Amino acid sequence: MADRYAAALGMAEWADRLGCARIIVSEHHGSPDGYLPAPIPMLAAMAARTTNVRLLVAR
């Protein structure tokens, strides 16, 4: 799982460098693979690594 989270953070940095306007994440609570049950900590980590891209949580 750590590799998936690291890859997501790397993709956020890459998208920010390329001028991506937004990154949208959604909650996956109860997913069989257990990925991203809480999006806020992931967005906080992405915010620490990006400068221009807007970060949003899908509803």
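Q: How are H1 and H2 oriented to each other in this model?
A: Two packed helices are described by the angle between their axes and the distance between the axes. In this predicted model, the axes of H1 and H2 come within 9 Å and cross at roughly 45°. H1 and H2 are therefore oblique to each other, since the angles that count as oblique are those left over once roughly parallel (under 35 degrees), roughly antiparallel (over 145) and roughly perpendicular (65 to 115) have been set aside.

Q: Which hand does the crossing of H1 and H2 have?
A: The crossing of H1 and H2 is right-handed.

Q: Which residues of H1 and H2 meet?
A: From H1, which covers residues 2–18, the residues involved are Tyr5, Ala8, Leu9, Ala12 and Glu13, and they meet Met42, Ala45, Met46 and Arg49 in H2, the helix of residues 39–49.

Q: How should Glu13 be read, and what is it in contact with beyond its neighbours within four places in sequence?
A: Glu13 is found in helix H1, and it is partly exposed because its relative accessible area is 29%, a value between the 20% and 50% limits. Once the neighbours within four places in sequence are left aside, Glu13 is in contact with Arg49 and Thr50. The C-alpha atoms of Glu13 and Ala47, which are 34 residues apart along the chain, are separated by 9.4 Å.

Q: Does Met11 count as buried or exposed?
A: Met11 also has its place in helix H1, and it counts as exposed because its relative accessibility is 52%, where exposed requires over 50%. Met11 and Met46 are 35 residues apart in sequence, and their C-alpha atoms are 9.4 Å apart in space.

Q: Which side chain of opposite charge is nearest to Asp16, and how far away is it?
A: A buried charged residue may be read by looking for a partner of opposite charge, with a salt bridge requiring a side-chain nitrogen of Lys or Arg within 4 Å of a carboxyl oxygen of Asp or Glu. Asp16, in helix H1, is buried yet has no salt bridge, and the nearest side chain of opposite charge, that of Arg17, is 7.5 Å away. Leaving aside the neighbours within four places in sequence, Asp16 is in contact with Thr50, Thr51, Asn52 and Val53.

Q: Does Pro39 count as buried or exposed, given its relative accessibility?
A: Pro39 lies in helix H2, and with a relative accessibility of 9% it counts as buried, because that value is under 20%. Not counting residues up to four places away in sequence, Pro39 touches Val25, Glu27 and Val57. Pro39 and Ile24 are 15 residues apart in sequence, with 9.6 Å between their C-alpha atoms.

Q: Where is Leu56 placed, and what is it in contact with, leaving aside neighbours within four places in sequence?
A: The place of Leu56 is in strand S2, residues 54–57, and at 27% relative accessibility it counts as partly exposed. Apart from neighbours within four places in sequence, Leu56 is in contact with Arg22, Ile23, Ile24, Val25 and Leu43. For Leu56 and Leu43, a separation of 13 residues in sequence goes with 7.8 Å in space, C-alpha to C-alpha.

Methods:
Residues numbered from 1 in each chain as written. Predicted model: local features only at pLDDT ≥ 70, side-chain atom pairs only at ≥ 80, totals over all residues. Heavy atoms only, no water. Helix = DSSP H or I, 4+ residues; strand = E, 2+ residues; numbered from the N terminus. Buried < 20%, exposed > 50% of the residue type's maximum accessible area, 1.4 Å probe, protein only. Lys, Arg positive; Asp, Glu negative; His and termini not counted. Contact = heavy atoms within 4.5 Å. Axes fitted to C-alpha atoms, helices over the stretch in contact; angles between N-to-C directions. Left-handed = near helix turned anticlockwise from the far one by under 90°.
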